[in-house]
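Hi there,

Here is the structure I promised to pass on to you. Please open it alongside this email, and I will walk you through what I found.

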Amino acid sequence: MRKLWTPLLCVLACGGEEPAASDGTTPGSTAATTTSGTDATTTEGATTTASTTTTSTTADPATTTSTTSTSDDSSTGATTSATTGVQECAGELPAHWIDGTDCGSEPQVQVHQYSSDTWILRQSLCTSFEGPFMMLLFGSERALLLDTGDGDIPIDDIVHGLVDEWSQAHGGAPIELVVGNTHAHGDHVAGNDLFVGDADTSIVGIGEAAVRQFFGIDGWPEQIVQYDLGGRVLDIIPLPGHEKAHIAVYDPATGVVFTGDTLYPGRLYIADFPAYVASIGRLVDHLADKEVCRVLGAHIEMTNTPGEDFEFMQPSHPDEHPLELDLAHLLELRDAVEAMQEPVIEVHDDFIVYPL
């Protein structure tokens, strides 16, 4: 029997909020269902019933710039899914993300240029077991930084350096940096204060009211709005469930959906199950007529073995799952949570539904 970590351990992973068991039972009594193909197994000793459904050069000790791989489809962006609306990916992912396996030489942040106007940053697990990812998206007038990491990294210097480099490569005119967050948990907002008072920088406040006000969302959470970076218009999609102020961002320029902690290869902690189910359904509906290349979340907690996650707070991730998921995973997640008559832990090959 594989070990599943109890919801109480999410106190740190979910930003310090102490969760309650979704069904009033003591932690660890929720059934865990493994979903892979058509077979399902249930964690031994469960007391509730689960529904079943089918590399780098280092320019600075703090950073490294990734090389890209062309050895397989996951890195080159070739898309083989037959799902309607899936487009071929123009952006490239690195051959290897820093994974905490060599803290003697590993930089604090890996900086990877995904496309001409998109960067992906990963905080080292040597500085935080969360190993969060951050996204930097450029338009002609402003850049949007999604998340600032779990602290103890010079994220402000790194990002301002990237903004300055991009500006110089595009004529040298100043460009506004907008610092925002996928949601308000500590491992995603710890670096926000480092940007306070910086020139040409705006910071989106933390919490639902601040997010609504900044992006002009009057009908939270049903209303989806557009945010223009200057020739690059993003869809801002309210996505409460993991956390009440959570958003997703769909970028038509790359076909990427940035899903934060709502969907990634790992344990999908769900604080408000009805809100989460509604959010996933709304996101799928919104993408129905859109072209989707990849789904990129904010963590990796799964190994490369289907259905197997790393132990909670594990400081290194050897042989970890790729960051990228796709539209088929989003549809799989929607079908899984909508089929649940009550919230239960359910193990899938590439993620684990984990109601709290």
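Let me begin with a question: does glutamine 110 count as buried or exposed? Keep in mind that this is a predicted model. Glutamine 110 has a relative accessibility of 0%, and buried means under 20%, so glutamine 110 counts as buried. Its side chain has a polar contact as well: it reaches the backbone nitrogen of isoleucine 98 at 2.6 Å.

Glutamine 110 is part of strand E5, so let us look at that strand next. E5 covers residues 109-115, and six of its seven residues are buried, so the strand is largely enclosed by the rest of the structure.

Which strand pairs with E5 over six bridges? The partner is strand E6, residues 118-123, and the two pair in the antiparallel sense. A hairpin of two residues joins E5 to E6. If you would like a place to start looking, find valine 111, which stands opposite leucine 121 in E6. As background, strands of a sheet pair through backbone hydrogen bonds, in either a parallel or an antiparallel way.

Further along the chain is an open sheet.

Six strands form this sheet, in the order E11-E12-E13-E14-E16-E17, with mixed pairing. Strand E11 (225-228) and strand E17 (324-325) stand at the edges; each has a single partner strand, so one side of each is left without a neighbour in the sheet. Within the sheet, strand E14 (residues 256-260) and strand E16 (residues 294-297) are parallel partners, with four bridges between them. There, valine 256 stands opposite arginine 294 in E16.

Two helices lie across strands of this sheet:

- Helix H5 (residues 208-215) lies across E11, strand E12 (233-238) and strand E13 (247-251), and runs at about 65° to E11.
- Helix H6 (residues 273-287) lies across E12, E13 and E14, and runs at about 155° to E12.

Finally, have a look at helix H3, residues 155-169. How far should its 15 residues span? At 1.5 Å a residue the expected span is 21 Å, and the end C-alpha atoms are 21 Å apart, which agrees. Several residues of H3 are buried, including Ile155, Leu162 and Trp166. After H3 comes glycine 171, which has a positive phi, near 100°.

Enjoy exploring, and send me any questions you have!

Best wishes

Note on methods. Residues numbered from 1 in each chain as written. Predicted model: local features only at pLDDT ≥ 70, side-chain atom pairs only at ≥ 80, totals over all residues. Heavy atoms only, no water. Buried < 20%, exposed > 50% of the residue type's maximum accessible area, 1.4 Å probe, protein only. Pairing = 2+ DSSP bridges. Polar contact = N/O pair within 3.5 Å; in protein donor to acceptor, adjacent residues only side chain to side chain. Contact = heavy atoms within 4.5 Å. Axes fitted to C-alpha atoms, helices over the stretch in contact; angles between N-to-C directions. Expected span 1.5 Å × (residues − 1).
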